[in-house]
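Colleague: I'm new to reading protein models. Could you walk me through a strand and a helix?

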Amino acid sequence: MADPPGCCRPCATCLLCLYSCQWITAKKEKRKGLRTTKCDCSWFLFLFCVFLFTLVWLYFAIIILNDFHNFNEFIFKQRKLWLDWSLLLLIATAVLITYSAVLLVLALCLQLCGQPLKLHWLHKTLLILTALVVAAAFTGLGIKWAEEWRSARISLQATGPFLHIGIVGGMTLLAWPLASFIYHTRNTGLKVFLLLVYCTVMIALYLAPLGITSPCIMEQNQLPPKPALVGHRGAPMLAPENTLMSLHKAVDCDVQVFETDVMVSADGVPFLMHDEELTRTTNVQAVFPERAALNSTAFNWTDLQQLDAGSWFLERRPFPTVQSLSAGDRHQATKQRIPSLEQALEAAKQSNISIMFDLRPENHSDYQSFVNATLEVILQSGIPLQQVLWLPDGFREQVKQQAPGVQQVYGRKRLQNEKEPLLHVNLPYQDMSSEEIRQYRQDNISVNLYVVNQPWLFSVLWCSGVSSVTTNACQVLKEMKHPIWLLPSSTYLMIWIVVDCASFLTILWAFLLLKKCSQGRRPAESETDVLLTKINSLMQD
């Protein structure tokens with residue numbers, strides 16, 4: 001097998017060295033007997049599949065970054081260890097995808113240079129380990145974080161048109177090594193099989209846009225208003241969550257609602273706290289080490305006021321944005337204390353924003369007294385009741401009677417036999433389809449979805465017509481003046497046709513060009529074989 005024109009021997013030798021982990025020169029006489037076997041082809045196919053597998057995992061890793069703070073909180077709750085695991089996830093994924101991609105590029109270059117694909121056993125072992133690691137990651141995702149599969153489905157509405165273009169481009173480039181392999185191999189059955197598979201895949205890709213739907217494929221004048229922002233525990237990327245500093249930072253981000261969580265102390269004072277324990281967001285282990293593992297409701301208000309609710313934010317850095325805080329913000333964070341609901345209502349009233357909260361823990365034996373204490377504070381605060389959004393389901397009828405002006409927000413979809421119409425719903429963003437959001441909007445039902453941090457997700461929900469979103473990244477979403485992309489259907493149709501035509505012409509050109517090169521080499525190879533035969537005969541004579 002002669003080296004094709006344009007493939008220098010030193011380059012071919014380096015490629016062989018990297019792929020086979022052996023210093024094999026590219027000269028024909030040094031490579032006698034080294035040919036690509038069926039086993040080698042099987043390993044190349046396995047390499048290609050591993051690359052696709054890791055590529056899909058990379059896509060999932062990017063998608064789940066929207067919800068990764070929840071995973072960090074889950075690990076802390078289980079192991080009392082805080083770490084930004086998303087960084088480790090991205091580094092590990094980048095290593096795996098880079099390794100498989102480099103091997104695949106080497107294999108394709110070797111094929112174009114007419115060199116044998118002798119994958120070294122070390123690479124084979126590492127590829128198997130890569131496949132097992134990614135498979136374990138997908139399995140863990142399916143068991144512990146199953147809702148992320150629905151997140152991936154939503155993400156396809158944002159990335160579908162562009163993924164289609166990228167996949168068509170990748171498969172088009174694959175035509176070069178495929179054509180080279182077909183023109184070099186003498187196995188007719190294998191040729192026909194590969195061509196049929198390739199043509200089937202390409203036809204499916206060319207027609208794929210028929211099944212691609214996205215709410216952002218619409219005319220500009222059909223775009224719904226930008227969703228309002230609800231600060232998840234305030235602005236937790238800019239200040240310690242559930243503190244007055246976080247509330248004020250959220251106001252600076254133009255949020256319309258401050259979302260928080262309320263608990264009631266042992267002496268009946270409602271205060272802001274998400275976790276059932278105080279260990280994550282306070283210094284309770286230093287102040288009350290023997291009581292650190294107790295439920296937050298076991299502490300009286302005097303004890304709670306002794307705790308530092310801000311320094312943890314600077315020490316653990318729950319978000320990368322903490323590093324960019326000013327010196328003044330850092331100093332202010334260290335001065336934060338656990339705020340009471342009364343203080344939060346007063347701040348919300350002065351800032352003219354609404355407040356929405358859950359009352360925890362729902363399974364507490366004194367939950368009714370928690371509801372009573374919370375209602376008492378709300379009614380005495382002087383805040384307009386329409387600025388209070390009530391989330392808890394427990395004793396909701398009592399709340400309606402004692403504070404009829406409070407807006408009732410439901411954490412479920414409407415029922416067919418609903419006694420009274422729902423006006424506000426608050427759901428995870430995975431639980432509502434674009435069609436349902438549009439229908440609720442037509443029926444004048446306000447839909448708030450949580451937690452939305454990434455611009456791509458915010459864009460999809462914006463195009464769908466959602467009323468508001470709960471977010472950790474209010475400072476990012478505030479700056480978005482329009483969705484990331486918005487395409488009229490006629491423009492998308494034109495892009496689809498152009499991409500498919502360009503791909504088809506490129507594939508046709510690749511096969512014709514390599515066929516011509518292959519035919520040009522055959523006479524030269526035949527003349528060389530005849531000359532060698534004559535020389536061999538003369539030497540024997």
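Modeller: Let's take a strand and then a helix. This is a predicted model, where local features need pLDDT of at least 70, side-chain atom pairs count only at pLDDT 80 or more, and totals for chains, interfaces and linings use all residues. Residues are numbered from 1 along each chain as its sequence is written, and side-chain values use heavy atoms, with hydrogens and water left out.

Colleague: Which residues of S2 sit on each side?

Modeller: In a regular strand, side chains alternate between the two faces of the sheet. Here Val 257, Glu 259, Asp 261 and Met 263 are on one side, with Phe 258, Thr 260, Val 262 and Val 264 on the other. Eight of the eight residues are buried (under 20% relative accessible area, 1.4 Å probe, protein chains only), so S2 is largely enclosed by the rest of the structure. Strands are DSSP runs of E with at least two residues, helices runs of H or I with at least four, numbered from the N terminus.

Colleague: What does S2 pair with, and in which sense, parallel or antiparallel?

Modeller: Two strands pair if DSSP finds at least two bridges between them. S2 runs parallel with S1 over three bridges and parallel with S4 over six. With S3 the sense is antiparallel, over three bridges. Phe 258 has Gly 231 as a bridge partner and also Ile 355 in S4.

Colleague: And where do the buried residues of H14 lie?

Modeller: They are Leu 341, Ala 344, Leu 345, Ala 347 and Ala 348. Seen down the axis, they fall within an arc of 165° (from the directions from the axis to the C-beta atoms), so they line one face. The face turned away carries Glu 342 and Gln 350, both exposed (over 50%).
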